[in-house]
Structure formats: structure tokens, C-alpha cells
Amino acid sequence: MSSLQLQDFVAGWVGGAASVVVGHPLDTIKTRLQAGQGYGNTLSCVLTVYRNESVAGFFKGMSFPLASIAVYSSVVFGVFSNTQRLLSQLRHGDPSHAPALADVALASMVAGFISVGIGTPVDLVKIRLQMQTQPHIKGGKQEANTKLKPTVPGFPAYQGPIHCFRTVLQKEGIAGIYRGMGAMLLRDVPGYCLYFIPYTFFCGWSTPDGCISPNPSSIWLAGGVAGAISWAIATPMDVVKSRLQADGVYLNKYKGTLDCILQSYQNEGLKCCPEDLKASYFPESNQWCGAGEGYPALIEDSHPAPTASAFSSTTDSVLGAL
């Protein structure tokens, strides 16, 4: 059997496309709460968007992620799975050997790095389109310390995803396309570790001996739990990423990742994260559940699911070495 499994990439595409359709409305709410102003809480944001922009407002910026999710999700899942097989081949001489905890962690980190290179431009376009109708609060110290763009706040700055990408590239260059990459790296590398490790553990734990994969309900449960765990840790840096990428439509407020962290903390303290976390749990869990559902179903001829005992023995050896 080849160590490179085409099914992994197909599974990532199936789950990723489903995740965009299901999760985008709540992703829009999350982005507005993170980078917008005056919404108050999740329910207030939902009602405001619906009153001002109707149902279409919840789906702004969806076309670009939907068009690119086939590449994004399939590459992330493909890289993760094939990295695991490579590590199993190097460690045990058998790519189908159940992965150790360290192998899952390393494969997750590699997937996180790869995801940033592909996902940063996609996220930037999505967030710019989601945020381009946000009104600018005039007056006060905030406006005095920011550079106003020539675009009228509240007026659509971009005609669509292609126009947005082209405009950002022309005005801000490659650095503009990859704005927020540092924050996304700090979000995705630990985020993927805290998703794939619990996901693989729960799938392995719920898989009966001798079976290749767990049943669909166990997969959904594993995806939901793993998504909630990873998103709880990733939310602070996701806030920073969203603010950096939204910055530049009408204002240039932040100089970089560290400056955004400091300004957010000085102005809001730790309150900048909890409200949007409520909205984050839903799209993230659905997203990873959808991806996880297609994953084992399409790779039944792949390596067997790792067992809980394998993780336990690996953890004991790691702790013993420390």
C-alpha cells in the first residue's frame, strides 16, 4: 500500500465543504464580535446583522472559503495522516502501525504550519468581506491615534472575493495578503495539536478491538469534544488574528501581533474573548465533526485506529523520560 493516501485528501474536502456551509453564519457572528464594535453580546449581534443586512449578511465572505476549502481541508488532513504514516514507517518500519502520542503531536504541528500558509489569505479575504460594512466610531482618542482610510466607513470597500484579493495585493503587497500570519501560526499550531490528539484518542478509545474505525456517532462525539477543547485554547489568538486582518479596511490601528495583543488587553482586559467564545464553539465543533465524519469512512484501508492503551504507554514513557 502506498504511504500517500488519496482518500485522506478526499475526506478532507468532503468534511471541509460541509463545515463551511454549516459554520459560516456563526463564523460571521464570531468575527463581528471579535473585530467589530457596539454589538454587546452574541444575541444582540445576531439580531443586529439580521435587521441591517437580512439573512445574506450572515453569509458574507463565504464564497472564497467554499471555493478553497477543498484544497485547505484536504491538504491539512492529508498532511496530518501521511506525516503519521511517515513517522510510523521511520519508527516501526510499518506505516500502518498505530501512531504514538508523540507522532500525533508532531503530525498536528506540521499540519498547523501548512494550514497557515494556505489559510491566511483565505481568512483575510473572508474577514475583510465580513467586516466591510462596519461603521467607524468617529471622534475621541481612538480616531486621533489611527490613520483613516479614504474609503467611506460603512460603504462596501470590495465588490467580491476576487476584487478584495486583488485590491489588497495591489495596495498592501504580499505582506498585506499574509497579514495576521503570526497570530494564525500561534493559534493553529497548538490548536491542531489540541484537536487531533483528543480526536484520535477518543476515536481509538471508542473503537472495538479488531475494528478499523469507530461508529459514526463516536466520531461525531470525538470531533465535537476535540473541537471544543482546541477552540477554547485558540480563541485569544483568533481574536488577535481577526482584528489584525480586519484592520486596514478603513483604519490602520495595529502595528503587528504584539501591538494588537497589548492594545486589546489595555482597552478590554480579558473580556475581549469570552463573548465570541460562545459563538466559536458552534462552528468549530460542527466544522471538525464534519471533517471527522468523512475521515475514517473514506480511509478504511488505512492504518488501524490507535488504541487508548497505545496512548497510555506512550504517555508513561514520555513522563518517565522527563
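Buried means under 20% relative accessible area, exposed means over 50%, and partly exposed lies in between. The exercises below use these terms on a predicted model.

**Exercise 1. Classify Glu53 and Lys60 as buried, partly exposed or exposed, and state how their side chains meet.**

Solution.
- Step 1: Lys60 has 22% relative accessibility, so Lys60 counts as partly exposed.
- Step 2: Glu53 has 18% relative accessibility and therefore counts as buried.
- Step 3: The two side chains meet in a salt bridge, with 2.8 Å from N to O.

**Exercise 2. Describe the overall make-up of the protein.**

Solution.
- Step 1: Count the elements: there are 11 helices and two strands.
- Step 2: Put them in sequence order, which gives α-α-α-α-α-β-α-α-α-β-α-α-α.
- Step 3: Turn to burial: of the 322 residues, 51% are buried.
- Step 4: Turn to the surface: about 14800 Å² is exposed, and carbon and sulfur atoms supply 67% of that area.
- Step 5: Consider contacts with a separation of 6 or more: 81% of them are between residues 24 or more positions apart.

**Exercise 3. Compare the settings of Thr28 and Leu6 in helix α1.**

Solution.
- Step 1: Locate the residues. Helix α1 covers residues 6-35 and contains Thr28; Leu6 is also placed in helix α1.
- Step 2: Thr28 has 0% relative accessibility, so Thr28 counts as buried.
- Step 3: Leaving out residues up to four places away in sequence, Thr28 touches Gly57, Phe58, Lys60 and Gln130.
- Step 4: Leu6 has 63% relative accessibility and therefore counts as exposed.
- Step 5: Leu6 belongs to a nonpolar surface patch with Val10, Trp13 and Val14, and together they have about 380 Å² of accessible area.

**Exercise 4. Trace the salt bridge between Lys126 and Asp27.**

Solution.
- Step 1: Begin with the total: the protein has 12 salt bridges.
- Step 2: In one of them, the side chains of Lys126 and Asp27 meet at 2.7 Å, N to O.
- Step 3: Lys126 is in helix α4 (residues 101-131) and Asp27 is in helix α1, so the pair ties together parts 99 residues apart in sequence.
- Step 4: Check burial. Lys126 has a relative accessible area of 8% and is therefore buried; Asp27, at 14%, is buried too.

**Exercise 5. Find which parts of the chain are linked by Arg179 and Asp247, and name the residues of the salt-bridge network.**

Solution.
- Step 1: Arg179 and Asp247 form a salt bridge, and their closest N and O atoms are 2.8 Å apart.
- Step 2: Arg179 lies in the loop between α6 (161-177) and α7, while Asp247 lies in the loop between α8 (216-246) and β2 (251-252); the two residues are 68 residues apart.
- Step 3: Arg179 is at 19% relative accessibility and so counts as buried. Asp247 has a relative accessible area of 6%, so Asp247 is buried.
- Step 4: Salt bridges with shared partners join Asp27, Lys30, Lys126, Arg187, Asp188 and Asp238 into one network.

**Exercise 6. Describe the stacked aromatic pairs of helix α7.**

Solution.
- Step 1: The structure holds seven aromatic pairs.
- Step 2: One of them is Tyr192 with Phe196, stacked at 5.8 Å centre to centre and with 15° between the planes.
- Step 3: Tyr195 and Tyr199 have ring centres 5.3 Å apart and planes at 15°, so this pair is stacked.
- Step 4: Helix α7 (residues 181-205) holds Tyr192 and Phe196, four residues apart, about one turn of the helix. Tyr195 and Tyr199 are also in helix α7, four residues apart.
- Step 5: Tyr192 and Phe196 are buried, and Tyr195 and Tyr199 are both buried.
- Step 6: Ring pairs link Phe77, Phe80, Tyr192, Tyr195, Phe196 and Tyr199 into a cluster.

How values were computed: Residues numbered from 1 in each chain as written. Predicted model: local features only at pLDDT ≥ 70, side-chain atom pairs only at ≥ 80, totals over all residues. Heavy atoms only, no water. Buried < 20%, exposed > 50% of the residue type's maximum accessible area, 1.4 Å probe, protein only. Contact = heavy atoms within 4.5 Å. Patch = residues over 30% accessible without salt bridge, like charges linked within 9 Å, V, L, I, M, F, W, Y side chains within 5 Å. Areas by Shrake-Rupley, 256 points an atom, 1.4 Å probe, with all protein chains shown as cover. Salt bridge = Lys/Arg side-chain N within 4 Å of Asp/Glu carboxyl O. Phe/Tyr/Trp six-rings, centres within 6.5 Å; stacked < 30°, edge-to-face > 60°.
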